Amino acid sequence: MKCKLTFVCLGLGALVTSRLFGEEGIKHPVEVTTTERFAFAPGGIIRVNDAYGHLSVEGWDEPAVEITVTKSKEHDYGPEQQEHAKQLLERVRVVAERHSDTELAVSTILPRRGFFRRLAPPPFPRTTEHGVQVDYDIHVPRDSRLVIRHRGGYVMVSDVLGGIEATNRSGDMIVMLPDPRAYAIDAKSKVGTVSFDFADAAHRLYRLGERLAFGSPAPSRRVYLRVGIGSITIQEAPPGAEAPGAVRAK
């Protein structure tokens, strides 16, 4: 009975302490999310420069580009450290510039590294820079053309009917096409695999990497994919996605 009473008293003491001090000692992750939207004509070109982390680009029916960026720190921070952590997030900037109605650039600008850090860069690209993780969720008109330069991390492109040119230093890449046979495809991983859902493609194996080359007699679109270290997966989009040149029912 005495042991049971002691246990109850300890539990009440912990509850009272928590109520008195609130959540002041509890650490929370630091995260900032922003969304921008630009009017953009179908058939234009969208460039994504120096992105890293998780990048998702998806086609939609809107005549606009919507960019949602979430920046977060790797670790949890106490209340007294939250403001400093937010300042670190602000040092990594994602800037969208519309050069015309048919050309948009989304660039990631990193703080300059110190002299000694520039002399000794990391052996492989990382998915975080200065401890900051970035997630990009971008929606574009389906007929857009994409040019992506990724520094490292995960890249996914889906339901985009225009030409696609994407490079990734390290990490996996997935591209979903409504009709792969309507494209001229050239995909290569220096150290990794290249996989696809369709037949009749020239597939070469190298000592460390793989390359896929495929082209229809008269391709309407071009897909050029390169990964340094990582895998490339090309999939046929699920039923319902529009193929290039398809006439939309009114």
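Serine 158 belongs to strand E8, which covers residues 145-158. In this predicted model, serine 158 has a relative accessible area of 13% and is therefore buried, the cut-off being under 20%. Apart from neighbours within four places in sequence, serine 158 contacts Val57, Glu58, Gly59 and Met176.

Aspartate 159 sits in the loop between E8 and strand E9 (164-170). Its relative accessibility is 16%, so aspartate 159 also counts as buried. The phi of aspartate 159 is positive, about 60°, although the residue is not a glycine. Most residues other than glycine have a negative phi. Aspartate 50 is another non-glycine residue with a positive phi of about 60°. Aspartate 50 is placed in strand E2 (residues 45-60), and its relative accessible area of 36% makes it partly exposed.

**Chain totals**

The protein chain has three helices and 16 strands. Of its 250 residues, 42% are buried. Among contacts with a separation of 6 or more, 69% are between residues 24 or more positions apart. The accessible surface of the chain is about 14400 Å², and carbon and sulfur atoms account for 55% of that surface.

**Salt bridges**

Side chains of opposite charge can pair when their charged atoms come close. The count for this model is eight salt bridges. Three of them are listed below with their N to O distances.

| Pair | N to O distance |
|---|---|
| Aspartate 61 and arginine 142 | 2.7 Å |
| Arginine 211 and aspartate 186 | 2.8 Å |
| Arginine 226 and aspartate 186 | 3.2 Å |

Which parts of the chain does the salt bridge between aspartate 61 and arginine 142 tie together? Aspartate 61 lies in the loop between E2 and strand E3 (64-77) and arginine 142 in the loop between E7 and E8, so the pair ties together parts 81 residues apart in sequence. Aspartate 61 is exposed at 51% relative accessibility, whereas arginine 142 is buried at 15%.

Aspartate 186 forms salt bridges with arginine 211 and arginine 226. The pair of arginine 211, in strand E14 (residues 210-215), and aspartate 186, in strand E11, links distant parts of the chain, 25 residues apart. Aspartate 186 has a relative accessible area of 18% and is buried; arginine 211, at 27%, is partly exposed. The pair of arginine 226 and aspartate 186 likewise links distant parts of the chain: arginine 226 is in strand E15 (residues 221-229), and the two residues are 40 apart. Arginine 226 is buried, with a relative accessible area of 18%. Elsewhere, Arg37, Glu62 and Glu66 are joined into one network by salt bridges that share partners.

**Lysine 190 and the negative patch**

Strand E11 (residues 183-191) also contains lysine 190. Is lysine 190 buried or exposed? Its relative accessible area is 61%, so lysine 190 is exposed. Lysine 190 and isoleucine 229 are separated by 39 residues in sequence, while their C-alpha atoms are 6.2 Å apart in space.

Which residues form the negative surface patch? The patch consists of Glu31, Glu58, Asp135 and Asp137. Among them, Glu58 is also a contact of serine 158. Aspartate 135 lies in strand E7 (residues 132-141) and is partly exposed at 32% relative accessibility. Patch members need over 30% relative accessible area, so aspartate 135 can be included although it is not classed as exposed.

Conventions. Residues numbered from 1 in each chain as written. Predicted model: local features only at pLDDT ≥ 70, side-chain atom pairs only at ≥ 80, totals over all residues. Heavy atoms only, no water. Patch = residues over 30% accessible without salt bridge, like charges linked within 9 Å, V, L, I, M, F, W, Y side chains within 5 Å. Areas by Shrake-Rupley, 256 points an atom, 1.4 Å probe, with all protein chains shown as cover. Salt bridge = Lys/Arg side-chain N within 4 Å of Asp/Glu carboxyl O. Lys, Arg positive; Asp, Glu negative; His and termini not counted. Charge placed at Lys NZ, Arg CZ, Asp CG, Glu CD. Helix = DSSP H or I, 4+ residues; strand = E, 2+ residues; numbered from the N terminus. Buried < 20%, exposed > 50% of the residue type's maximum accessible area, 1.4 Å probe, protein only. Contact = heavy atoms within 4.5 Å.
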